[in-house]
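This report goes through a protein model step by step. Keep the sequence and the 3D view open while reading.

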Amino acid sequence: MSTRADVRRTYDRIAEHFASTREYAWPEVEAFVSDARPSSVGLDLGCGNCRHAELLAERTDRVLGIDASRGLLETARSRARARDFEVDLLQGDAARIPLAEGTVDLAVYVATIQHLPTEADRRESLNELARVLAPGGRALVSTWSTAHDTFDETESFDTTVEWTLPGGQTVDRFYHIYSPAAFETALEESALELVEFELSSGNCYATVARSEPARGRQSKKEGT
Amino acid sequence: MKESLLEILCCPLDKHDLELEDAQYDGDEVVSGDLVCSECGETYPIEDGIPNLLPPDMREQTPA
């Protein structure tokens, strides 16, 4: 069975090649960030080469990039130097975020939750994202889903997807493929408040906020 | 890492504050040292400027 340490090792192994194929930001993330108000702290959780942290840097005073893979963080460091943007890089686990409560104004958690091997890990990562979001903060959470053309399945399932290195060698990567309905349910059952949910190119995109005042309860306060 | 990050970082395990120990600087960058949890005492190394805040069970048991 895969563990989060296995996933980290996998990405350490393929980091350089993987990052070289992840040059451009996703349009859905660009739209989310460009709609956001300027704020203080941005977070790219599962940052990879920081292509999305680079966008956040235009909207926030300080951007943090967190990834479990040191190899990917090195590609982020190179990209930040080459493209002249500032990002604070941290090696960390999405299910145990090393940030204090309420510190993040704008976050993206893109195409990462699908690599957490257990339901408990995935649930905890959503609750952790809620914990670090500041009141009024927003995050975009995305995952690959069964709605993608690649899949015949309609229910969520676990699988491995091969990564082929330039020499032809393949490396298995763990994926949990959510059905859109199951992903929406996972968000609703977390400490996050679901603001908007959409399907685009076989990926689910959820705009979320921190539930106020307590986990799972809706705030009566309006206009914030 | 920038020392000012200490204001928002916390221990990934119990979420308590971290203290910077044995820091080596290059300008205003902390290039090496340890981040130590003020509560549980767990130590997180800063390796070539990047703090390794992975919980111990996800860390590699090899020298950096």
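The text below covers a sheet, the helices packed on or beside other elements, the nonpolar cores and one threonine.

The model is predicted. In chain A, seven strands form an open sheet in the order E3-E2-E1-E4-E5-E9-E8, and their pairing is mixed. Strands E3 (88-91) and E8 (192-200) of chain A each have a single partner strand, so one side of each has no neighbour in the sheet. From one strand to the next, the twist averages 15 degrees.

At one edge, E3(A) pairs with strand E2 (residues 60-67) of chain A in the parallel sense, over four bridges. Within this pair, A:Leu64 is opposite A:Asp88 of E3(A).

Helix H6 (residues 180-188) of chain A lies across three strands of chain A, namely E5 (133-144), E8 and E9 (203-210). The angle between H6(A) and E8(A) is about 165 degrees.

Two packed helices are described by the angle between their axes and the distance between the axes. For helix H1 (residues 4-20) and helix H4 (residues 70-83) of chain A, the angle is about 30 degrees and the axes are 7 Å apart. Angles under 35 degrees count as roughly parallel, and H1(A) is therefore roughly parallel to H4(A). On the H1(A) side, the residues making the contact include A:Tyr11 and A:Phe18, and on the H4(A) side they include A:Arg70 and A:Leu72.

In soluble globular proteins, nonpolar side chains tend to be buried together. The model has a largest nonpolar core and a second, separate one.

| Core | Number of residues | Residues included |
|---|---|---|
| Largest | 42 residues | A:Leu43, A:Leu99, A:Tyr109, A:Leu129, B:Leu9 |
| Second | 23 residues | A:Cys50, A:Leu140, A:Tyr205, B:Ile50 |

The residues listed for the largest core are those with the most contacts inside it. Helix H5 (residues 119-132) of chain A gives the most to the largest core, with four residues. Leaving out residues up to four places away in sequence, A:Tyr109 touches, among others, A:Leu45, A:Ala94, A:Leu129 and A:Ser142.

Is A:Thr103 buried or exposed? A:Thr103 has a relative accessible area of 15%, and because buried means under 20%, A:Thr103 is buried. This residue is in the loop between E3 and strand E4 (104-110) of chain A. The side chain of A:Thr103 reaches the backbone oxygen of A:Ala100 at 2.8 Å. Apart from neighbours within four places in sequence, A:Thr103 is in contact with A:Val41, A:Val132, A:Ala134 and B:Ile8.

Definitions and conventions: Residues numbered from 1 in each chain as written. Chains lettered and ligands numbered in written order. Predicted model: local features only at pLDDT ≥ 70, side-chain atom pairs only at ≥ 80, totals over all residues. Heavy atoms only, no water. Pairing = 2+ DSSP bridges. Helix = DSSP H or I, 4+ residues; strand = E, 2+ residues; numbered from the N terminus. Axes fitted to C-alpha atoms, helices over the stretch in contact; angles between N-to-C directions. Contact = heavy atoms within 4.5 Å. Core = buried A, V, L, I, M, F, W, Y, C linked by side-chain atoms within 4.5 Å. Buried < 20%, exposed > 50% of the residue type's maximum accessible area, 1.4 Å probe, protein only. Polar contact = N/O pair within 3.5 Å; in protein donor to acceptor, adjacent residues only side chain to side chain. Parallel < 35°, antiparallel > 145°, perpendicular 65-115°, else oblique.
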